[in-house]
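Trainee: I have a structure to go through before I set anything up. Can we take it step by step?

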Amino acid sequence: MVDSGAKGVSAWNDRTNSYKNAEFDIVIDQAAQQGRVFELAGLHDLVKHVAEGYHATVFAYGQTGSGKTYTMEGYKYKVEQPGKAPQAQFECGENEGIVPRSVRLLFDLIKQQSNLQKKKFTVYCSYLQVYKEKIYDLLNKSHVKGVVADGPGLKLKWSKNDVFSVENLYTFECKTVDDVMALYHFGIKNKVVASHNMNNSSSRSHSMLSLTVEQVEVSNLDNVVVSKL
Ligand SMILES: Nc1ncnc2c1ncn2[C@@H]1O[C@H](COP(=O)(O)OP(=O)(O)OP(=O)(O)O)[C@@H](O)[C@H]1O
Ligand SMILES: [Mg+2]
């Protein structure tokens, strides 16, 4: 049972014959569409902070089939050939999820900021996948399905100031929303999508899209701020 007003979720527990309750900062009910989820989850402010030079993370977690991929992507998956992994249908209109909405908003906000503040913004994109404890580059053409499952993966490095980075991960400069979306869609096609009983288009992996925003003051090129979404 979901109660968005009381910010609570209750689930019946057969063993104790009672409801188990959980409370959250926000609870969004089943009827909410993607645009409403974007709004209620506070994505606008989060993306705005990134355009202003702060880091932000959107993290979707939950049981298989609970809707993480749907919420982040919003794409429909169709089995084009029996026995083959389902393919994403990238035309999804109002159904589009948090990622495409965030990318568009980020570029809108950057445009506004660069007009107002005489700053030059550059956006970089990378997209990786963690599958069976190994890291793969979804934007590297050689990391295609099949090779991915058996490959050695990329190395994770921790730097002195507790920042982690992935060695040799491809990073592309993106000038437009379309540039990012083309990379995002390319990466989605590269994802390992394996079918299993609970969810036919299950990701069975973790994937991370990173957008790095570099802002340089036009009158003082040493003044550089880097933020990551
Ligand atoms: N809010 C929603 N409205 C309509 N359909 C949804 C919604 N959320 C999820 N679905 C559908 O439910 C199914 C499972 O969702 P999804 O693939 O997003 O789960 P997941 O959490 O990513 O699972 P996994 O961990 O296995 O990858 C999909 O067919 C998806 O289209
Ligand atoms: Mg998924």
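**Helix packing and backbone outliers**

Mentor: Start with one pair of helices: α4 and α6 cross in a right-handed sense. Keep in mind that this is a predicted model.

Trainee: At what angle do α4 and α6 pack, and is the pair parallel or antiparallel?

Mentor: Their axes lie 9 Å apart. The packing angle is about 155°. An angle over 145° counts as roughly antiparallel. That makes α4, relative to α6, roughly antiparallel.

Trainee: Which residues of α6 meet α4?

Mentor: Take the α4 side to begin with: Val99, Pro100, Val103, Arg104 and Phe107. Their partners in α6 are Val177, Val180, Met181 and Tyr184.

Trainee: Asp178 is in helix α6 too. Is Asp178 buried or exposed?

Mentor: Count the neighbours: 11 other C-beta atoms lie within 10 Å of Asp178. The cut-off for exposed is 12 or fewer. So Asp178 is exposed.

Trainee: How far apart are the C-alpha atoms of Asp178 and Arg104?

Mentor: Along the chain, 74 residues separate Asp178 and Arg104. In space, their C-alpha atoms are separated by 9.0 Å.

Trainee: Now α2. How is α2 oriented relative to α4?

Mentor: The two axes come within 9 Å. They cross at roughly 45°. That angle makes α2, relative to α4, oblique.

Trainee: Which residues of α2 make that contact, and what is the hand of the crossing?

Mentor: From α2 come Leu43, His44, Val47, Lys48, Val50 and Ala51. The α4 side includes Ile98, Leu105 and Gln113. As for the hand, α2 passes α4 in a crossing that is right-handed.

Trainee: Where do the buried residues of α2 fall around the helix?

Mentor: The buried ones are Val47, Val50 and Ala51. Seen down the axis, they fall within an arc of 100°, so they line one face of the helix. The general rule is that residues three or four places apart point the same way, because an α-helix has 3.6 residues a turn. For α2, then, the answer is one face.

Trainee: What covers those buried residues of α2?

Mentor: One helix and two strands are worth naming here. The cover includes α4 (98-117), β11 (206-217) and β12 (220-228).

Trainee: What is the phi of Gly53?

Mentor: Gly53 sits just after α2. Its phi is positive, about 110°.

Trainee: And Asn17: where is it, and what is its phi?

Mentor: Most residues other than glycine have a negative phi. Asn17 lies in the loop between β2 (8-13) and β3 (18-23). It is exposed, with 7 other C-beta atoms within 10 Å. Its phi is positive, near 55°.

Trainee: What about the phi of Lys118?

Mentor: Lys118 is placed in the loop between α4 and β6 (119-131). It is exposed, with 10 other C-beta atoms within 10 Å. It is not a glycine, yet its phi is positive, about 50°.

Trainee: Let's zoom out. How far apart are the centres of domain 1 and domain 2?

Mentor: The domain assignment gives domain 1 as 1-31 and domain 2 as 35-228. The C-alpha atoms of the protein fill a box of roughly 65 × 45 × 40 Å along the principal axes. Between the C-alpha centres of the two domains the distance is 30 Å.

Trainee: Last one. What share of the residues is buried?

Mentor: The secondary structure comes to 6 helices and 12 strands. A residue counts as buried with 20 or more other C-beta atoms within 10 Å. Of the 229 residues, the buried share is 20%.

Technical notes: Residues numbered from 1 in each chain as written. Chains lettered and ligands numbered in written order. Predicted model: local features only at pLDDT ≥ 70, side-chain atom pairs only at ≥ 80, totals over all residues. Helix = DSSP H or I, 4+ residues; strand = E, 2+ residues; numbered from the N terminus. Arc of directions from axis to C-beta. Contact = placed C-beta atoms within 7 Å. Domains from an automatic or database assignment. Axes fitted to C-alpha atoms, helices over the stretch in contact; angles between N-to-C directions. Parallel < 35°, antiparallel > 145°, perpendicular 65-115°, else oblique. Left-handed = near helix turned anticlockwise from the far one by under 90°.
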